[in-house]
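Student: I've got a model open and a few labels I'd like to question. Can we go through them together?

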Amino acid sequence: MKRVVVTGLGALTPIGNTVEEYWNGLVQGRSGAALITKFDPAHFKTKFACEVKGFDPLQFFDKKEARKMDEYSQYALVVADEAVKDAALVDDKVDPNRVGVIWASGIGGMYSFQEEVIAYGANNRNPRFNPFFITKMIANMASGLISIRYGFRGVNFAPVSACASATHALIDAFNYIRLGKADAIIAGGSEAVVTEVAVGGFNAMKALSERNDDPATASRPFDADRDGFVLGEGAAAIVLEEYEHAKARGAKIYAELVGTGATADAYHMTATHPEGLGATLAMTEALREANLKPEEVDYLNVHATSTPIGDLSEAQAIQKVFGESPERLHLSATKSMTGHLLGAAGAIEAVAGILAIQHNTVPPTINLQNRDERISPNLNLTPNAAVQKPVDVVMSNTFGFGGHNAIVAFQRV
């Protein structure tokens with residue numbers, strides 16, 4: 001099996017529109033939650049979200065090009081460009097036939113779908129649809145657009161597993177490269193669903209926080225007063241590359257992807273298994289594949305979305321894998337700052353873990369004021385302030401509706 005390393009990063013998030021801005025937002029403990037600006041939320045139970053701020057597509061695309069893409073695809077292209085430049089992936093030492101794109105989105109072009117259906121109804125059901133409606137909406141279009149932009153003709157597809165989607169993209173990319181089927185792959189995810197349909201739908205499920213009086217503190221993983229997740233949007237890209245290929249061209253190496261785990265809860269459409277069985281299996285598998293012992297992990301970026309059941313079951317799974325008193329291990333829930341990016345969550349949180357290795361710093365779990373007493377006091381949740389410490393091994397958890405569990409482990413090279 002080939003070794004797989006990280007050579008490029010890109011990020012567009014509610015707390016920063018580049019990798020550097022995102023990292024600064026994390027270590028400062030900045031909340032990205034605020035009242036929704038993309039539509040009037042007056043009649044909705046939840047009136048806030050973690051929106052990307054200051055994004056102007058015309059800074060990156062001409063008007064004609066921008067009109068052909070849903071915002072989730074625009075986000076994807078922007079972060080892919082940052083990652084490709086960071087990795088210096090377009091040069092004469094890279095064969096574009098051996099470079100792939102595996103790009104995830106949990107939902108795809110929801111805004112485009114919503115707008116076309118509303119227009120169809122308002123127009124007495126006269127079928128005057130935008131000719132780009134389908135291509136703007138489908139969840140695989142971002143992966144196609146990235147490959148078209150750079151002429152990358154390797155493997156190209158879009159995994160969809162709800163909130164585990166982007167981590168599955170990383171896992172698939174890892175396997176293609178280590179099997180020798182590609183030299184490099186741009187993997188990641190993007191989501192742009194701060195829309196009436198998404199907020200209304202998640203409200204109907206009672207999944208979203210309704211802390212409208214104080215949005216900045218609404219995403220509060222592991223807190224006794226948590227009442228649901230905060231919808232987020234954005235994207236992240238990670239260039240994964242075969243180790244010897246990266247060395248031969250003198251690429252900068254951030255970390256090595258050493259282990260992955262993918263399982264199912266086989267339990268419920270939306271709720272995680274109450275004892276965290278699927279999560280336990282996935283973390284155990286990632287450690288086994290990485291040839292790591294639990295006590296060697298320095299930082300675990302947890303899925304913790306700030307839902308009453310989900311956070312508790314994940315904490316129980318972590319205890320099963322790492323023991324009652326994992327002295328070395330720091331946990332943090334960066335969704336407390338970014339909100340939940342759904343299908344893009346795994347990518348943006350993997351970037352957080354990779355940067356933790358680079359900077360020897362663990363980002364905090366903010367808004368943790370009243371710790372849930374059911375969560376073991378022996379779990380170090382890194383409350384409210386970043387911690388500087390040696391970070392050599394990082395894991396990242398993601399779980400999706402349908403019972404999908406996906407885990408990745410990175411190690412300092």
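Tutor: Sure, let's take the labels in turn and set each value against its cut-off. Keep in mind that this is a predicted model.

Student: What makes Cys50 a buried residue?

Tutor: Buried means under 20% relative accessible area. Cys50 comes out at 2% relative accessibility, so the label buried fits. Cys163 gets the label too, because its relative accessibility is 9%.

Student: How do you know that Cys50 has no disulfide bond to Cys163?

Tutor: A disulfide needs two cysteine sulfur atoms within 2.5 Å. The closest cysteine sulfur to that of Cys50 belongs to Cys163, and at 14 Å the pair is too far apart for a bond. Looking from the other end, Cys163 is in no disulfide either, its nearest cysteine sulfur being that of Cys50, 14 Å away. The search over the whole structure ends with 0 disulfides.

Student: On to the strands. Why is β4 called mostly covered?

Tutor: The cut-off for buried is again under 20%. In β4, residues 99-104, 6 of 6 residues are buried. Both sides are involved: Val99, Val101 and Trp103 point one way, Gly100, Ile102 and Ala104 point the other, and all are buried.

Student: What makes β4 and β6 a pair?

Tutor: Strands pair if there are at least two bridges between them. Here 6 bridges join β4 to β6 (residues 184-191), and the two run parallel; that count satisfies the rule, so they pair. For one contact to click on, Trp103 has Gly188 as its bridge partner in β6.

Student: And how do you know that β5 counts as a partner of β4?

Tutor: With 2 bridges, β4 and β5 (residues 156-157) meet the requirement of at least two, so they pair. They run parallel as well. Val101 stands opposite Asn156 in β5.

Student: What about β7: is that strand mostly covered or not?

Tutor: It is mostly covered: in β7, residues 234-242, 9 of 9 residues are buried. One side carries Gly234, Ala236, Ile238, Leu240 and Glu242, the other Ala235, Ala237, Val239 and Glu241, and all are buried.

Student: Which strands does β7 pair with?

Tutor: Strand β1 (residues 4-12) is joined to β7 by 8 bridges, running antiparallel. Between β6 and β7 there are also 8 bridges, again antiparallel. Val5 stands opposite Glu241 in β7, while Gly188 stands opposite Ala237. So Gly188 turns up in two places, facing Ala237 in β7 and partnering Trp103 of β4.

Student: Last topic, the inside. What makes the enclosed space a cavity rather than a pocket?

Tutor: A cavity is a set of points where a 1.4 Å probe fits but cannot get out, whereas a pocket is open. The count is 1 cavity of 30 Å³ or more, and the largest cavity holds about 60 Å³.

Student: Which residues line the largest cavity?

Tutor: Among them are Asp265, Thr272, His273, Glu314, Phe399 and Asn405. Helix α11 (residues 308-322) gives the most to the lining, with 3 residues.

Student: How do you know how many residues of that lining are polar?

Tutor: Each residue goes into a class: the lining has 2 nonpolar, 6 polar and 2 charged residues. Gly counts as polar by this rule, so Gly276 and Gly310, both in the lining, go to the polar class.

Terms used: Residues are numbered from 1 along each chain as its sequence is written. This is a predicted model: local features need pLDDT of at least 70, side-chain atom pairs count only at pLDDT 80 or more; totals for chains, interfaces and linings use all residues. Side-chain values use heavy atoms; hydrogens and water are left out. On a 1 Å grid over the protein atoms alone, a cavity is a set of points where a 1.4 Å probe fits but cannot get out, and a pocket is an open set with protein on both sides within 12 Å along at least five of seven lines; lining residues have an atom within 4 Å of a point. Grid points are joined across faces, edges and corners, and a volume is the space filled by probe spheres set on the points. Helices (H or I, at least four residues) and strands (E, at least two) are DSSP runs, numbered from the N terminus. Buried means under 20% relative accessible area, exposed over 50%, partly exposed in between (1.4 Å probe, protein chains only).
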